[in-house]
Amino acid sequence: MDSSAARKSRSQPTQALPAKIFHWVNITSLLLMIGSGLQIYNANPVFGGRGGWHFPPFFLLGGWLAGGRHWHFAAMWFFALNLLWYGVYIFITRRWQRRFLGANDIKALQVSQNPKRRNYAWHRFVYTAIIPILLLAIFTGLGMYKPAQFHWIVDIFGSWQALRIVHFITVPTVIIFAVIHSLLSLKVGGSCLIESMFW
Ligand code: HEM
């Protein structure tokens, strides 16, 4: 390799294969979960009851209530197990210490005058913050699926309807965070950083 090619390949960001697999499975299963979740929602809207506002067919998956439930529970296994193995992976490899929000990022947000360092700290803040939202979606979903067995989950939120509202609100929250995360990725590393996560 000549020196300019070596320089070019050094400047290209690369990602660990497990992080790429996590991203692909997470995004694919999340889209299936959202489409089928909205199908279930439409059978009895969370806001306004059966006469409430319905989502248009374009966003739905499953055709009808039972079809939506089948898709939702099937995709749930991919979504939850993907998060589980990735959690084990970042814990065992100590990746969570290197790649996620740390005390140095919080300090940078408080005192740094360097806009690049601050953007990078925000970037790490946002992708770290998505993880607890995904866990909240699973936790509230579990409580709604088996409210008798997991009555303590229902109790934490006060009622089954409150649990349902929190579960529903995780959807726009995840979407907003994922959009901010994509824009920050673009800002700190350009399109080559985004490509590095997917290919
Ligand atoms: C809900 C959806 C998403 C979640 C939960 C998520 C989560 C994460 C997490 C946890 C990391 C750190 C990975 C690691 O280093 O092990 C990460 C990194 C990254 N994500 Fe996402 N992501 C999501 C969607 C997206 C989307 C839609 C894009 C791009 C369009 C994207 C682009 C990236 C990039 C480029 C990095 C690498 C950041 C860097 O190296 O500085 N992600 N994401």
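**Group meeting: a loop residue, a ligand shell and a core**

Let's start with Arg-94. Arg-94 is exposed, because 9 other C-beta atoms lie within 10 Å, and the cut-off for exposed is 12 or fewer. Keep in mind that this is a predicted model.

Where does Arg-94 lie? Arg-94 is in the loop between helix 3, residues 65-92, and helix 4. Now look at the backbone. Phi of Arg-94 is near 60°, a positive value in a residue other than glycine. For context, most residues other than glycine have a negative phi.

Next, the ligand. There are 19 residues around the ligand. Which come nearest? Ala-19, Arg-99, Ser-182, Ser-185 and Met-197 do. Four elements give two or more residues to this shell: helix 2 (17-43), helix 4 (95-99), helix 6 (115-145) and helix 8 (160-198). Helix 8 gives the most, with nine residues. What about chemistry? The shell divides into 11 nonpolar residues, six polar and two charged.

Now the largest nonpolar core. That core has 11 residues. Find Leu-30, Met-33, Leu-38, Ile-40 and Tyr-41 on your screen. Then add Leu-60, Leu-61, Trp-71, Ala-75, Met-76 and Phe-79. Helix 2 and helix 3 each supply at least two residues of this core. Helix 2 gives the most, with five.

Let's zoom in on one core member, Ile-40. Which residues does Ile-40 touch, leaving out those up to four places away in sequence? The contacts are Leu-65, Gly-68, Arg-69 and His-72.

One link to take away. Helix 2 gives two or more residues to the ligand shell, and helix 2 also gives the most to the core.

Definitions and conventions. Residues numbered from 1 in each chain as written. Predicted model: local features only at pLDDT ≥ 70, side-chain atom pairs only at ≥ 80, totals over all residues. Near = placed C-beta within 6 Å. Nonpolar A, V, L, I, M, F, W, Y, C, P; charged D, E, K, R; others polar. Buried ≥ 20, exposed ≤ 12 C-beta atoms within 10 Å, placed from the backbone. Core = buried A, V, L, I, M, F, W, Y, C linked by C-beta atoms within 7 Å. Contact = placed C-beta atoms within 7 Å.
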